[in-house]
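Let's take a stroll through this model, from the whole fold down to a few loop residues. Have the sequence and the 3D view open as you read.

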Amino acid sequence: GTGSGGTNSGTGSLNASALATKVDPGIVDVTSQLKYSNATAEGTGMIISSSGLVVTNNHVIDMATSVSATLVVSGKTYTARVVGYDDTDDVALLQLVGASGLKTVSLADSSKVKVGLPVLALGNAGGEGGLPSTAQGTIGGLDKSISASDSGAGTTEMLKGMLETNAPIEQGDSGGPLVDGSGQVVGM
């Protein structure tokens, strides 16, 4: 494990445990109640304001009838209101209802990312909740395009301008931070 409760996968030069300790306070587990089959979708989100604005992937909240978010460090759960979304770029913005004084993630300038940069992905791998799992890797490509599909919703989207990494990211990691060696978010 990472020493912080999650599991560690992938290989790399980063200290996953130290980075997780730094980044975990700004991460939430996102759970969406879905319209179909009384199912849920689990993902990850990044807190970007102390008042509870959270960025996640749109496909985590797509088709949701309600959304909740749980702080991974304290376990406190909030109702999350969808402020907006962009399905073209697969991004959604949530507001944690009644939140204040929250820790945030630190953002880097993703336009300065270079091929070969060591990175660490943190997220709700497998939708198990709790402290995030970590996955190490490197940046393998810039400005990539990918066709992503959601079998549950039956949708496909073409995403452009993506960073490519070999970090072994799993289902549930969606919406989680991809950080550099200083713990700053370079991607989602």
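Helices and strands here are DSSP runs, a helix having at least four residues and a strand at least two, and they are numbered from the N terminus. With that in hand, Asp90 is easy to place: it sits in the loop between strand E6 (77-86) and strand E7 (91-96). Keep in mind that what you're looking at is a predicted model.

**The whole thing first**

The protein has two helices and 13 strands. Its radius of gyration is 15 Å, close to the 16 Å that the globule rule gives for 188 residues, so the protein is as compact as a globular protein of that length. Along the principal axes, the C-alpha atoms fill a box of roughly 40 × 35 × 25 Å. Of the 188 residues, 41% are buried. If you take the contacts between residues at least 6 apart in sequence, 64% of them join residues at least 24 apart.

On the outside, the accessible surface comes to about 9,000 Å², and carbon and sulfur atoms account for 49% of that. As for charge, there are 9 positive and 17 negative side chains, with the centres of the two sets 9 Å apart.

**Two loop residues with positive phi**

Most residues other than glycine have a negative phi. Asp90, though not a glycine, has a positive one, and Met63 is another non-glycine residue with a positive value. Here's how the pair looks:

| Residue | Phi | Loop between | Relative accessible area |
|---|---|---|---|
| Met63 | near 70° | helix H2 (58-61) and strand E5 (64-71) | 30% |
| Asp90 | about 55° | strand E6 (77-86) and strand E7 (91-96) | 3% |

Is Asp90 buried or exposed? Buried means under 20% relative accessible area, and Asp90 has 3%, so it counts as buried. Met63, at 30%, is partly exposed.

**A serine in another loop**

Now hop over to Ser49, in the loop between strand E3 (40-47) and strand E4 (53-56). Ser49 has a relative accessible area of 16%, so it is buried. What does its side chain reach? The side chain of Ser49 comes to 3.0 Å from the backbone nitrogen of Leu53, and Leu53 is where strand E4 (53-56) begins. Leaving aside neighbours within four places in sequence, Ser49 is in contact with Leu102 and Thr104.

Key
Residues are numbered from 1 along each chain as its sequence is written. This is a predicted model: local features need pLDDT of at least 70, side-chain atom pairs count only at pLDDT 80 or more; totals for chains, interfaces and linings use all residues. Side-chain values use heavy atoms; hydrogens and water are left out. Buried means under 20% relative accessible area, exposed over 50%, partly exposed in between (1.4 Å probe, protein chains only). A polar contact is a pair of N or O atoms within 3.5 Å; within protein, one must be able to donate a hydrogen and the other to accept it, and residues adjacent in sequence count only if both atoms are side-chain atoms. Contact means heavy atoms within 4.5 Å. The radius of gyration is taken over C-alpha atoms; the globule rule is 2.2 Å times the number of residues to the power 0.38. Accessible areas come from the Shrake-Rupley method with a 1.4 Å probe; for residues, only the protein chains shown count as cover. Lys and Arg count as positive and Asp and Glu as negative; His and the chain ends are not counted. The place of a charge is taken as NZ of Lys, CZ of Arg, CG of Asp or CD of Glu.
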